[in-house]
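Here is a guided look at one protein chain, written for someone meeting it for the very first time. Have a look around, then come back for the tour.

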Amino acid sequence: MSGFEHHLEYNSESRTAHPSVIAELRSVSKSFGGTLALDDVSIDLRSGEVLALLGENGAGKSTCVKLFAGVYRPDRGQIFLEGRRLQLSSPVEAQRQGIAVMHQHPGLFDDLSIAENIFIGRLLKNRWGILDHPRMREEAARLLEVVGLSADPSTLLGRLHTSERQLAEIAKALAIEARVLIMDEPTAALSEREVERLFGVVSQLRARRVAMMFVSHRMEEIYRVADRVAVLRDGRLVTVRPVTDLPKDQAVQLMVGRALSNLYPPLGSELGKTLLKVEKLTHSSEFNDVSFTVRAGEILGFGGLIGSGRTEVARVLFGVDLAASGTVSIDGRSVRFHSPADAMKAGIAYVSEDRISQSLIMDFGILANASLPVIDRATRLGIIQSKQELNLVKPHLDRMRLRFRSFEQPVSTLSGGNQQKVVLSKWLAAGPRIIIFDEPTQGIDVQTKAEVHAMIADLARNGIAIILISSELPELISMCHRVLVFREGEVTARFEREQLSQERIMYAATGTIAGLTDSSSPLDYGGELSAARPADGFIKPANADSRFRSFLVRRELGLFVAVSALLVPISALNPRMLSAGNLRALSMDAALLSIVAVGQMLVLITRNIDLSVASIIGLAAYLSADTLRSHPDLSISIAFAVAFGVGLACGLLNGLIVTFGRVPAIVVTLGTLALFRGLDSLIAHGKQISADQVPGAWLDLTSRSLLGVPGIVLLAAGVLVAIGFALRYISFGRELFAIGSNPNGAKLVGINAKTRVLGAFACGGLLAGLD
């Protein structure tokens, strides 16, 4: 029995006549800026069932997900959990109620480890309130084994590929051990093998009576995993039916409002001359000895598991990475690209698999994003000509039938399908001769998918050479003239169109008949979940050699080398450079700077900046010194309190305007720089305080030592250790990194970004006052 038949049999046996309702949206409506996203929608999630939620991009699916997740609150209607009405105030509250969510765009953080990502928002602590990193790594390792991600839990998430991140998001959801699991496009970045692993986990969660909602644009997956199907169109619920009562073609018709034909258009049969020739291309440990050709009008498919070398080859062809050996020829002429700009000049375009991080600037408007590759054509004397800019990209945006309000609308407000249309329009405007499409239909609805397929086929008919990288086997089989299959960096098979089949591609990609994994090895997870065998190609725990290579590319090493390059020749020319007196003076200056720098580091971690720090130091120093001059009998501690108070007040003012006033930090602190400097001038009336006007005890502080080490150096060391400890072992510190790494993701896990950013500015101001 095949894996597909087995799954259908399991579904039919596991359905119950009257499963209990666990979670429910009842007559819910939600609007955004006058646009009605949901209109009187009622759906329920039942114990041990999977409800598939279908609809085009913008139909309201993600809004339903975020209502269950506590990200949004309904304008009208109610949310129920096991018969109780819920008032979800935040994602953290939803998690406390046992609702776990795998978001379409994972709320993950590149600057945190995999283990910290899994537990962010509810980081594990020991009895002293300190973060328990060993326990988090241990628990994370167990969850990673369940989802089949072979990785060291202490690895920074930023080192993972897109599919590996999605598996980390799945592990994060499983960590909650929820009663309700919402899966929003969980398989968009996964290959067939990873999808099978996820479905194995879903089957075990179904046996544990977890209620699940599955949002996907992949119809084959929906009809494998779902018990019931709910269809949304334009924010309204069209129908809810058992999956056995709703054929695929009828479901598609209900989604788009009409019958959809030609999901895969016919391909042109006439191919031109060879445009691209690759011979024995190799890139370190990513791929080896890759050779192929692409002719004008040809669509060459790249198949294989995620991490098998497909995307890595594309990155070398586009100049993102450099090949170790091998040749690339265009029109018979050997080329070597040192940057994407070189590849673009040669007529190559690359539609990345990660449109959010690598293809779009989310805060920019549609027009600004679409015109990026060709903006120089609309520039005259350094000034962008708006009309010419629009003329360059509008035909391509119209061709893609983009749904939008205005060309200035930020792409972050568009649905995933419309974002992909902007990406495609951007590269079409550049007029390339060779286009690499990396997962071009990932996470978009069937209607948009059909439009993208038609556009790719049309480009091929017009003589453009195309490389199509896809994890969807029907897409590879239906859209490609030939397919190369990768496994562990090697091309393991080459198929002509008439030879293509899903079984052959999966065998070449995995070395197994069906390409499925063995999930029989036991691993306790709440008593019932078992582990899947790790997939090939995933990141392995770091060994000594990889740790040494990581050390060599650290930014701190580069800074050390640069400083040494200055100090060594200076010391050779002037031996007094390394004298005891000079080193003492340098250490004291460095200590004072380090106190200020570590405070500003906290602000920078959150993606903000404080330009007013010098003015804060000046104002705090003058007021504290003036206090002692006016009241020489006061304790030195009072002067310190004044300096701390001034620094803290200034930092809080900056933070309040940035967070609650929503004004960019660079604008705020540029203004307060002038404000604090002006206050200093008004208070001082142009007069300075000399050393003989303050008590000697105040001046003696800078000369005190302990065991020959200046006291200010010891103070700075203490501050650095304390801040370093807080950043590593206190929740507040890790949450600062999360905010800076992914502000929107921080909201999804319930981190209060405003209070954390305000705290960072306050600490920065306080330490500036100390200086």
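Which residue in β12 is the bridge partner of lysine 277? That partner is threonine 293. Before going further, keep in mind that this is a predicted model.

**The chain as a whole**

The chain holds 29 helices and 24 strands. It has 771 residues, and 51% of them count as buried. If you take the contacts with a separation of 6 or more, residues 24 or more positions apart account for 71% of them.

**A sheet of four strands**

Lysine 277 and threonine 293 belong to a good place to start. Here four strands make an open sheet in the order β12-β11-β14-β15, and the pairing is antiparallel. The edges are taken by β12 (287-295) and β15, and each has a single partner strand, so one side of each has no neighbour in the sheet. From one strand to the next, the twist averages 20°.

The table below walks through the pairings in this sheet, strand by strand.

| Strand pair | Direction | Bridges | One facing pair |
|---|---|---|---|
| β11 and β12 | antiparallel | six | lysine 277 and threonine 293 |
| β11 and β14 | antiparallel | five | glutamate 279 and threonine 327 |
| β14 and β15 | antiparallel | three | serine 329 and serine 334 |

In residue numbers, β11 covers 274-283 and β14 covers 325-330, while β15 covers 333-335. β14 and β15 form a hairpin, with two residues between them. One to pick out in that turn is aspartate 331, which has a positive phi of about 55°.

**The helix lying across it**

What lies across β11, β12 and β14? That's α10, running at about 70° to β12. Seven of the eight residues of α10 are buried, so the rest of the structure largely encloses this helix. Among the buried ones are Arg310, Glu312, Val313 and Leu317. After α10 comes glycine 319, with a positive phi near 85°.

On the other side of α10 in sequence, serine 308 sits in the loop between β13 (299-304) and α10 (310-317). Is serine 308 buried or exposed? Its relative accessibility is 4%, and the cut-off for buried is under 20%, so serine 308 counts as buried. Leaving out residues up to four places away in sequence, serine 308 touches Phe486, Arg487, Glu488, Gly489 and Glu490.

**A sheet of six strands**

Now move to another open sheet, this one with six strands in the order β6-β7-β8-β3-β9-β10 and mixed pairing. β6 (99-102) and β10 (236-242) stand at its edges with a single partner strand each, so each has one side without a neighbour in the sheet. Ignoring direction, neighbouring strands here are turned by 15° against each other on average.

β6 and β7 (residues 180-184) run parallel and are joined by four bridges. Across that pairing, valine 101 has isoleucine 182 in β7 as its bridge partner. A helix packs on this sheet too: α7 (residues 192-207) touches β3 (50-54), β7 and β8 (211-215). The direction of α7 makes about 150° with that of β8.

**Further along the chain**

Leucine 611 lies in the loop between α21 (580-605) and α22 (613-630). With a relative accessible area of 30%, leucine 611 is partly exposed. Leucine 611 and leucine 670 are 59 residues apart in sequence, yet their C-alpha atoms are 5.7 Å apart in space. Leucine 670 is one of the residues that leucine 611 touches, along with Ile666, Thr669 and Leu673, when residues up to four places away in sequence are not counted.

Then there's a pair of helices, α27 (residues 731-741) and α29 (residues 753-770), packed with their axes 10 Å apart at an angle of about 105°. α27 and α29 are therefore roughly perpendicular to each other. From α27, the contact uses Phe732, Glu735, Leu736 and Ile739, and from α29 it uses Ala753, Arg756, Val757, Gly759 and Ala760. Sorted by class, that makes six nonpolar, one polar and two charged residues.

**A word on cysteines**

How many disulfides does a search of the whole structure find? The number is zero. Cysteine 64 is buried, at 0% relative accessible area, whereas cysteine 763 is partly exposed, at 31%.

How values were computed
Residues are numbered from 1 along each chain as its sequence is written. This is a predicted model: local features need pLDDT of at least 70, side-chain atom pairs count only at pLDDT 80 or more; totals for chains, interfaces and linings use all residues. Side-chain values use heavy atoms; hydrogens and water are left out. Axes are lines fitted to C-alpha atoms, for helices over the stretch in contact, and angles run from 0 to 180 degrees between N-to-C directions. Angles under 35 degrees count as roughly parallel, over 145 as roughly antiparallel, 65 to 115 as roughly perpendicular and the rest as oblique. Contact means heavy atoms within 4.5 Å. Ala, Val, Leu, Ile, Met, Phe, Trp, Tyr, Cys and Pro count as nonpolar, Asp, Glu, Lys and Arg as charged, and the others, Gly among them, as polar. Two strands pair if DSSP finds at least two bridges between them. Buried means under 20% relative accessible area, exposed over 50%, partly exposed in between (1.4 Å probe, protein chains only). A disulfide is a pair of cysteine sulfur atoms within 2.5 Å.
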